[in-house]
Amino acid sequence: MKFLRILIFSLLVIYLSGCEPIRITHNIEPLDLEPPKETVTTKKIPYKAIFIVDDTKKYKATHADYAAGVIYDFVFPTGSFIKQALPIISTAFEKFTIEPSLSTIPDKNTIVIDTAVNFMDVKLDCCVPLVFNAKTTLRFKLYDDDLLVFSLPVYSEGKGSLSKPGLFASMDDREYAQVAYQSIKEAVKNSVDVIYEAINNPKKVISDAKQEINKNPSNTFAYTVIANRSLKLGDYAEALAAAQMITQLDPKDTDGYFLLYKIYKAQRKIKDAREQLEQAFMLKPGNATYFTHLYNFYIEQEKHDKALNAVTRYMQARPDDKYAVTYLGMLYLASGKYDDAISVSQKMIDSLKFYGIGASISKEKDFAVVKSVEKEGPAEKAGIKEGDMILEIDGKSTEELKIDEIIKKLRGTEGTNLTLTIKRKDNEEPIKLTLTRQRFYSQPHTVASYMGIIGMAQIQKGNINEAKAIINEALNISKSMGLGTIPLKAYATLLFVSKEYDKLINDFSKIDINYVKLIIATAYAKKADYNRAFKIFKEVNKKELPITTKNLKDFYEATEPYIQEIEKQAINYERTGNISKALKIYGEIIDIVTEDKASWIRNRVSRFITLNPSIVELTDTARQYFLNSEVLFNTAKYEEALQELEKARSHSPFNPQIYFNSALVCEKMGDYNKAIKYMEIFLQLLPQHPQAQAIKDQIYKWKFVLEREI
């Protein structure tokens, strides 16, 4: 039998040898292949992973059999195959998702992995037995949560094979697809090792990037890898040199400016960091990552007008980003423009609203097919299921309609009826169903955020009932996808104004959001649990929106009875000459009172210093931290120097030199706001200092620098 097959094949070759090769193309459609049953768990990668896979992507693999005069083209739906195979490595990551594109900024500790077929080689051996082999190389591009490249592209390989005996054996498209899928699945499985290595061996990643630069000195991609990974290792010098090379090689490459921003920010060189970030945003005002960083940077520096300008520019560049207006709404909340916050939020809600049956539809096999059904929507209530075929809408065949026409017919006015003719797989006879259209939102998560903003604005206006209604609607929308940050803030605010302090504390104590923590601290104060209130309050970043003067005032008013009581104790200690105990009390409350009260305390302390400067000398522990800061300052490690001074201040809160040195450190960092604050505290404690006028002059200069942004 084998001899006969070889003879036939040889005769065919002789016949075809004088002819042009025949080209045979196999266009293989996406198939629902058996999903991987096993998962890779041998190595754990300490990141959440978002795999970006274009599941419409195809790859043409060619096998040329010139001896037989035939060229085979196999067009495989490789994007679909990758998507089906990727779950095999899901357990290697903390969290795992597959997306066709990146629609939102990734969460912290997330790695984005752009995945595609780099090369596929196939071979069809027509001799006995009939054998089809496929070898696939997958390419993975790794990006961090700021969408900066994390390493050079990494690759993994996989093989697939199918053998069929018999002289007249043949294969169909599904079998070719299974072999290709097998090779992709194996490449996916093997990818864990190379991804793990790229993440956990930064020095090798940097070394590999340098080798690429030796081959091509203009490789900005490799310089980006070096700058990013060096920054994460704390090697600022190498990171800075690489980032500067990017901007020199390509002045329009925004990754270079963004990396310079991150490097300068890590070094607390505030002015330099701001300038680089502004440059990146100027070149790409529609970049969501740059916008978010710039917005947060301005908020941290309390430049709300600049934040507003950044929001406006971003919205102009990205009208498709329906979430962007939330930043505007939060700014309106913080500035007390509650009607504006409600107005812009309501407009966005209206733009995302539609009325329909609560089902997603695709066009398959000439008719509309239900892909998914919303819970408690008209479709679910009518018994429509995933996979049902919609033959007719109000008597009109979907075979004659395009997908956008089908969607238009399903949507309509709220409360109106439509009739569907449904064909189900297990039912031979079509089913007629009547449904009533109801309201839905195209981006429920975004809509819930706008409702949260409206709720908080209504609370500030005193409209508690209106606030409660819309916040509850936001909570209901968020049920299936988890409560977003803004609805969460709104709900916490509602519980606080409703005086449900215990529920607020129980439900939100583990939430690490400054606004929520401030409200919880105030709730504890309302319950007269001042120790917990003060502990939480000290942890709060007071600049996070929508923290306002009113929120802080609520806290100060709630703690006023306690503050007044211990102030009396401190004053009594002063009267009896026990200054050290009075200072101890003042030191305990200086960071938890209003700025006016803090100034009052420092003015009292300054009188003690005038009479006896030694009472505020550094303690032994504070002195050690103070000296550490001097060493760090002299080596240009300003961030660490400031941290050591903060530790010193916690032990000697009224030592003037700590504030003087802190101001000088902040000047070096370009943080003139803090420099001014610390130097003004120094003058409060030592108003009669011999150099008081020179220090005041320096404060004037810093203020001028801030005003002119020099």
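This section describes the nonpolar cores, a buried loop residue, and the cavities and pocket of a predicted model.

The largest nonpolar core comprises 155 residues, and the members that touch the most other members are Tyr295, Leu504, Phe508, Tyr586, Val605 and Phe654. When neighbours within four places in sequence are left aside, Val605 is in contact with Leu583, Tyr586, Val616, Phe654 and Leu685. A second core, separate from this one, is made up of 50 residues, among them Ile88, Ile113, Leu130 and Val188. In soluble globular proteins, nonpolar side chains tend to be buried together.

Burial was also examined at a glutamine in a loop. Gln267 lies in the loop that connects helix 7 (254-266) with helix 8 (270-283). Because its relative accessible area is 18%, and residues under 20% are classed as buried, Gln267 falls into the buried class. Apart from neighbours within four places in sequence, the contacts of Gln267 are with Tyr236 and Met669.

Two cavities of 30 Å³ or more were found in the model. The largest cavity encloses about 120 Å³ of space, and its lining consists of 14 residues, of which Arg274, Lys303, Gly670, Tyr672 and Leu706 lie nearest the centre. Two or more lining residues are given by each of helix 8, helix 27 (672-685) and helix 28 (692-708), with the largest share, three residues, coming from helix 8. In terms of residue class, this lining contains six nonpolar, three polar and five charged residues.

The second largest cavity holds about 80 Å³ of space and is lined by Leu333, Tyr338, Met456, Gln460, Tyr515, Pro546, Thr548 and Asn551. Whereas charged residues contribute to the lining of the largest cavity, the lining of the second largest cavity has five nonpolar and three polar residues but no charged ones.

Among the pockets, the second largest has a volume of about 1600 Å³. Its lining is formed by 41 residues, and those that lie nearest its centre are Glu302, Lys542, Lys543, Glu595 and Lys677. The elements that give two or more residues to this lining are helix 9 (288-300), helix 20 (530-539), helix 21 (549-575), helix 23 (595-611), helix 25 (638-651) and helix 27. Helix 27 supplies the largest share of the pocket lining, eight residues, and is also one of the elements that give two or more residues to the lining of the largest cavity. By class, the residues lining the second largest pocket divide into 16 nonpolar, nine polar and 16 charged.

Terms used:
Residues numbered from 1 in each chain as written. Predicted model: local features only at pLDDT ≥ 70, side-chain atom pairs only at ≥ 80, totals over all residues. Heavy atoms only, no water. Core = buried A, V, L, I, M, F, W, Y, C linked by side-chain atoms within 4.5 Å. Buried < 20%, exposed > 50% of the residue type's maximum accessible area, 1.4 Å probe, protein only. Contact = heavy atoms within 4.5 Å. Helix = DSSP H or I, 4+ residues; strand = E, 2+ residues; numbered from the N terminus. 1 Å grid on protein atoms, 1.4 Å probe; cavity = no way out; pocket = protein on both sides within 12 Å on 5 of 7 lines; lining within 4 Å. Points joined across faces, edges and corners; volume = space filled by probe spheres on them. Nonpolar A, V, L, I, M, F, W, Y, C, P; charged D, E, K, R; others polar.
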